[in-house]
Each structure stands twice: as C-alpha cells, then as structure tokens.
Amino acid sequence: MMSTQSWRRSLEAVVIPAGAVLGALVIFGIFCALAGANPFAVYGSIYKAAFGSWSAWQNTLLRASPLMLTALCTALPARLGLVIIGNEGALVIGALAATVTGLGLGTALPGFWVMVAMALVAIVAGGLWIMAVGALRHYRGVNETISSLLMNYIAIALLNHLVQGPMRDPSFVTKPSSFEIVQSAWLGNLPTTRIHYGLIYGVIACILAYVLMQRTTFGFAARTAGGNVRAARMAGLPVGKLTLAICFLGGSCAGLAGMVEIAAVQRRLNESIVSNYGYAGILVAFVSRHNPLAMVLVSVLLGGILASGGILQRSHGLPDATVMVFQGIVFLCVLFSDSLYGRFPIFQDRPARISTGSSVSA
Amino acid sequence: MAAEALGWWGVPLGILAGTLRGSVPFLFVSLGECLTEKSGKINLGLEGTLLMGAMSAYAIAYLASGVVGPALAPWLGVLVAGIAGMGLGAIHGWLSQQPRVNDVATGIAMIIFGGGLANFLGKPFIQPQAPQLPTLNAGAWSSVPQVQSALQISPLFLLGVAVVPLMSWFFKSTRWGLYVRAVGDSPESAKAMGISIFKVRMASIVMGSFLAGIGGASLSLYYPGVWTERISSGQGLMAVALVIFARWQPWQCLWASLLFGGAQALGPAFQSVGINAYYYLFNAAPYLLTLVIMILTCSPKQTLAGAPGALGKED
C-alpha cells in the first residue's frame with residue numbers, strides 16, 4: 001500500500017505529522033506564556049539542551065535508545081490491530097530477568113557471555129510477558145489494553161517486593177536495591193562517547209521490525225489479519241499463532257530495553273528502572289504511526305525533549321512535569337491530525353476522490 | 001501500637017476501614033466510566049482526570065481556606081475538581097469523536113496530558129497542608145479507638161452511594177437516559193430518532209469526567225488525604241475493568257467498588273498486625289483481582305451481556 005502511493009500521498013504522510021508537531025509547539029508556547037515563561041526562550045533552551053552541542057546530542061541519544069525498543073512493544077502488535085500499553089511492565093520484567101541472570105551467573109562465565117545471557121533471558125521474559133497478553137486476548141477475549149496495563153502494576157509490585165526483600169543488598173543504603181552486576185558484564189559505550197551500545201540495539205531492532213513487517217510473508221500475514229480478522233481466517237492464516245508471535249516480539253524488545261538500562265545505566269535493580277520510558281514509548285509508536293523506521297527519528301526527537309527537562313527547571317523555573325505536558329500536547333495534536341488525512345484536496349491525485357478519504361486507514 | 005491489643009481482629013477491621021475509604025474513588029470513577037461507556041465511548045483518560053481532580057481539589061481547598069474558612073474550602077475544592085474534570089472530558093469528548101481518531105489512543109494521550117498538567121500546576125502544593133473534608137463518625141458508639149477510626153465515613157462516600165440509584169433511575173426511566181442508551185447501543189437508530197450522537201456522547205463524557213474529578217477530590221481531601229504525583233496509582237484505568245465486571249450497571253458498580261476498595265486494603269491491614277513480608281505483593285491485589293475477573297468473565301465467542309452495542313466500534 002505504501003509503495004503504490006503517489007508522491008502527493010507521500011507528501012501528505014510527511015506534512016500532516018510535521019504540521020501536528022508544529023501545532024503542538026505553538027500550543028505549548030501559549031501554555032508556557034501563560035505560565036509566565038517566554039516561549040521563544042523555552043524553545044531555544046529545549047533546542048540547546050537537546051541538539052545544541054555534541055554533549056547535548058549524547059544526552060538525547062542516550063534517552064532515545066530505550067524509547068526505540070519500548071515503542072516496538074506497542075507498534076508491532078498495533079499492526080495486528082491490538083493496542084498494547086504494557087511497555088513499562090515488559091521493561092521492568094526484562095530488567096528483573098536480566099538482573100537475576102547476571103547475579104546468578106556472577107563470575108561463572110566470562111563477562112561477555114554473562115551479558116549475552118542477560119540479554120537473552122530479558123528478551124524471553126519480556127516476550128512471554130506480553131505474549132500472555134496476546135494469549136488472553138485471543139483465547140479469552142480479554143481486552144489487551146487493560147490487561148497489559150494491569151500487568152504493568154503487577155510487574156512493578158513484583159519488582160518492589162523483590163528489591164525490598166529477597167534480592168536486597170543490605171550494604172547499599174541509598175534506596176532498596178539488588179546487588180550490583182559484575183563489572184565485566186556491563187554494557188560498554190561506543191568508542192569516544194558516553195552513548196552505550198543500547199542505541200545500536202534500538203536502531204537494529206527498528207530496522208529488523210521494518211523488514212519483518214513490510215518485506216516478509218510473516219509481516220504481510222500479520223498486516224492482513226490486522227486489516228480484517230475474518231478475511232484472514234478465511235484465507236487460512238493462523239491468527240492465534242500470529243497474535244502470540246507478534247506479541248512475543250513486541251514484548252521482547254521492551255524486555256531488551258530493560259536489560260540495556262540495567263547493564264548500561266543502573267547496574268543494579270531498584271525502583272529507578274520505572275522511569276516512564278514505557279509510557280513515552282507508546283507516544284513514539286503512535287506519533288510514528290507504527291512505522292518502525294519513523295520510530296528511530298521520533299525517538300531521537302522525544303529523547304531530546306526528555307533531555308531538556310532539567311534545563312527548563314533551572315533556567316525558566318518551570319516544573320519538571322512541563323516535559324510531560326508537552327508530550328501530552330504533542331500526542332493529542334498527532335491524534336487530531338489523523339482525522340485530517342484526505343481532507344486537503346492538494347494531497348489528492350484526483351479531486352473527485354476526496355469523498356473516499358475513509359479508505360486511508362487510521 | 002494499640003493494634004497489637006486487637007490481635008488478629010485488626011485484619012478484618014483494617015479491611016473494613018480500607019473498604020470504606022478506598023472504595024470512594026473507585027465508586028466515582030466507575031460511575032463516571034459507566035455513564036461514558038453507556039454512550040458508546042471508552043475514556044481511559046479518567047486516570048488523568050483523577051489526578052487533575054485530586055490536585056485541583058487540594059489546591060483550591062488550600063488557597064480558599066483563608067478566604068471562605070476551613071469548613072467550606074474543601075467543598076469548594078470538590079466542586080472545582082469536578083469542573084476541572086469536565087474540562088478534560090470536553091477535550092476527550094471532542095477529540096475522540098473526530099473521524100478516524102481512536103478513543104483508546106485518545107485516552108492514553110489524556111492520561112499523559114492530564115497527569116502532566118496536574119503535576120505541573122500541583123508542584124507548589126505538595127508540601128502545604130490543606131483543610132480536609134469532615135467525616136461522619138459512625139463509630140462513636142464504640143470505645144475502641146480502631147473501630148472509631150475505621151468507621152469515619154466520608155460524606156463523599158454517601159454522596160457516591162446516593163448517585164447510584166439516581167443513575168440507575170436515569171438510565172431506566174428518563175428520556176435523556178434513553179437517549180444515552182440509544183446512542184450507545186445503536187447509533188444508527190438514534191440518528192433516525194433525530195438525536196445528535198455528538199452532543200449526547202459529549203454530554204455523557206463530560207458528566208462522567210465530572211464524577212471522576214470528584215473521585216480525585218476524595219483522594220486528596222479524604223483518603224489518603226495528601227496531594228502527591230502518584231496518588232491515583234492506576235485507579236482511573238481500573239475503572240474501565242471495573243465497569244466491565246459490573247456489566248454496565250450502576251448498582252453493580254457500587255458492589256465492585258467495595259470489593260476493590262477491600263482488595264486494596266489487604267496490604268496495609270496485614271502490615272498493621274505485623275505481617276510485612278508480602279506488603280508489596282498485597283499491593284498488587286486489586287490489579288490481579290481485576291485481571292482474574294476479566295479472564296473469568298470475558299469470552300472470545302460473544303460480546304458480554306449488558307455491553308453497549310456500539311462500544312469500541314468505529315463510527
């Protein structure tokens with residue numbers, strides 16, 4: 001469908017989301033002005049803190065890498081028509097699984113292999129976590145949005161239980177945490193930077209997801225089932241297996257994000273792992289309209305916005321929740337822009353087709 | 001601690017107290033969600049509404065206590081919380097009815113936006129102490145202090161219980177209730193009757209959000225009675241599951257809210273008798289309960305009995 005679009009339609013697919021982000025910037029500016037800050041100074045600060053220097057870029061990219069992975073947890077099932085928001089829970093479960101593996105293996109294996117094992121276990125654990133959501137949906141008809149969300153809270157409760165009790169390192173007093181992962185299993189940085197290898201994982205995962213969904217029969221089957229389940233069943237597609245597989249893949253990406261956060265950033269498991277990367281990932285998935293390649297770009301943009309939270313507080317006296325308000329406004333504007341497809345004659349091949357605008361799937 | 005003197009009686013007493021306290025936000029949010037879903041739309045954003053309600057009620061109660069006195073100020077806060085909820089509801093109602101805009105996605109966006117706005121505006125009010133709503137001491141007959149404190153019933157609880165028969169009557173016996181049900185069950189025939197689907201859904205979502213805003217006020221002005229950024233802890237989302245469990249019936253929303261309030265009280269109740277080991281796991285009880293209930297009551301073969309016909313369908 002994408003490939004048969006004319007250039008006008010492709011232009012529409014770029015201009016409308018860009019317009020939505022622009023509109024969100026304007027609304028956010030008005031909001032800042034009402035809050036007593038100069039909107040243009042705020043824009044300038046966000047730009048400077050996000051993309052103004054190499055150091056700012058590194059901060060941005062550090063935040064972008066988990067977003068790419070958690071966004072896939074929403075975007076992949078979305079191609080099947082499922083709205084899954086269990087990203088935070090799958091990330092926590094991935095981090096938990098990685099920590100248990102890393103601490104369990106300790107120095108029994110060379111550091112590199114401990115790291116590989118951590119990643120694999122996190123991928124499987126996160127995958128199974130979201131696969132359970134898919135299974136409940138397919139076999140029991142349980143609404144996947146609500147079940148995945150409830151499982152976020154269950155995952156966080158499990159995390160709190162373990163780090164407060166069985167897994168707690170009594171010598172670490174700052175906050176209840178697990179023991180530290182051995183240093184040889186830490187995820188290193190890209191040469192000469194502060195950016196860890198998680199960024200590469202994120203980019204590779206997004207590219208793989210794109211190829212899988214757009215260029216393979218598996219992806220075609222999934223998109224068909226997402227378009228019309230009944231037609232897919234008639235065509236003999238195994239809808240149940242597709243649901244489980246896609247949910248597993250989505251969850252495994254979020255699980256890997258949890259492992260990366262542990263192995264590269266946190267080093268030990270505690271409540272800081274619950275840092276809203278999961279919820280921001282939902283935003284990334286929707287803004288990029290579930291297109292994995294667009295997600296790389298959107299993650300970098302949102303990573304920049306997240307990176308600017310501190311400077312808004314320091315230079316403009318705006319509370320740190322400002323970034324959250326901005327995210328909310330962007331999200332709302334992008335959702336509204338979905339209703340604009342097909343409404344502008346300039347993007348239509350033949351003006352007579354305006355009335356069939358509903359054929360553009362949302 | 002005198003709780004030790006009570007021994008194991010502290011557990012059922014703690015659960016009773018927690019049920020009376022913790023069910024208030026559930027009751028308001030589930031009634032609000034019930035009204036919204038009866039009209040055929042889902043509002044996941046009630047989580048953000050709850051936060052916004054909690055913040056605005058607390059802020060107004062704090063700011064107004066010097067002007068109208070500490071007795072009236074919390075009630076003003078409750079009213080403003082409802083109005084703030086209506087504002088968020090209007091955004092949701094308008095946006096989710098645009099063509100090709102998914103109401104679930106809009107709800108998620110409203111959680112981020114409403115929550116962000118509440119945290120933004122509520123930052124200065126985390127520290128100060130706002131005047132709380134008064135409570136009715138139904139336990140004055142008892143000489144045991146735990147019983148007395150357990151039976152401190154909020155007037156908001158009674159208000160919520162009063163809304164239940166009112167809403168039930170509204171759906172069954174009024175013209176407007178029929179409009180809401182018609183729009184939710186069969187938009188086509190509602191349109192044929194000359195009813196504006198947009199207006200009815202807008203009104204239902206806005207009124208539902210008003211109730212959810214009051215639910216938020218009960219969090220910050222009654223129990224736990226403080227304003228923090230995480231005070232809603234998913235209760236607005238659980239309302240969606242709760243309404244499914246309650247089969248879209250206001251009376252069943254009341255029973256479900258009591259059940260959920262009780263489940264939430266398990267952790268603190270066991271902690272009060274010295275069982276701390278599984279405190280955090282007990283905190284997951286309401287979420288697990290919701291999940292189990294959904295697994296047991298849902299079916300892939302048919303839609304649930306009582307579900308509005310147009311719920312979750314594209315216009």
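**Leu242(B)**

I started with Leu242(B) in this predicted model. Skipping neighbours within four places in sequence, I listed its contacts: Phe26(B), Ser30(B), Cys253(B), Ala256(B), Ser257(B) and Phe260(B).

Next I asked which residues have the most contacts inside the largest nonpolar core. Leu242(B) is one of them, along with Ala263(A) and Tyr58(B). That core runs to 220 residues. I then looked up what gives the most to it, and found helix α10 of chain A, residues 239–266, with 15 residues. There is also a second core, separate from that one, with seven residues; Tyr179(B), Val183(B), Ala190(B) and Ile197(B) are among them. Note to self on the background: in soluble globular proteins, nonpolar side chains tend to be buried together.

**Chain A against chain B**

I pulled the contacts between the two chains. On the chain A side 39 residues take part, and they touch 38 residues of chain B. Where on chain A do they come from? Helices α5 (111–140), α6 (144–164), α11 (277–287) and α14 (322–338) each supply at least two residues of the side that touches chain B. I sorted that side of chain A by class and got 25 nonpolar, 12 polar and two charged residues.

**Ala71(A)**

I picked Ala71(A) for a closer look; it is in helix α3 of chain A, residues 54–78. Is it buried or exposed? I counted 38 other C-beta atoms within 10 Å, so Ala71(A) is buried, the cut-off being 20 or more.

Then I checked what it touches beyond four places in sequence: Gly281(A), Val284(A), Ala285(A), Met295(A) and Ser299(A). I also took a C-alpha to C-alpha distance from Ala71(A) to Pro292(A), which came out at 8.6 Å, with their positions 221 residues apart in sequence.

**Chain B as a whole**

Last entry, on the overall build of chain B. I have 15 helices and two strands for its secondary structure. Its radius of gyration is 20 Å, close to the 20 Å that the globule rule gives for 315 residues, so chain B is as compact as a globular protein of that length. Along the principal axes, its C-alpha atoms fill a box of roughly 65 × 50 × 35 Å.

I also looked up the burial figure: 56% of the 315 residues in chain B are buried. For contact range, I took the chain B contacts with a separation of 6 or more, and 78% of them are between residues 24 or more positions apart.

Note on methods. Residues numbered from 1 in each chain as written. Chains lettered and ligands numbered in written order. Predicted model: local features only at pLDDT ≥ 70, side-chain atom pairs only at ≥ 80, totals over all residues. Core = buried A, V, L, I, M, F, W, Y, C linked by C-beta atoms within 7 Å. Buried ≥ 20, exposed ≤ 12 C-beta atoms within 10 Å, placed from the backbone. Helix = DSSP H or I, 4+ residues; strand = E, 2+ residues; numbered from the N terminus. Contact = placed C-beta atoms within 7 Å. Nonpolar A, V, L, I, M, F, W, Y, C, P; charged D, E, K, R; others polar. Rg over C-alpha atoms; globule rule 2.2 N^0.38 Å.
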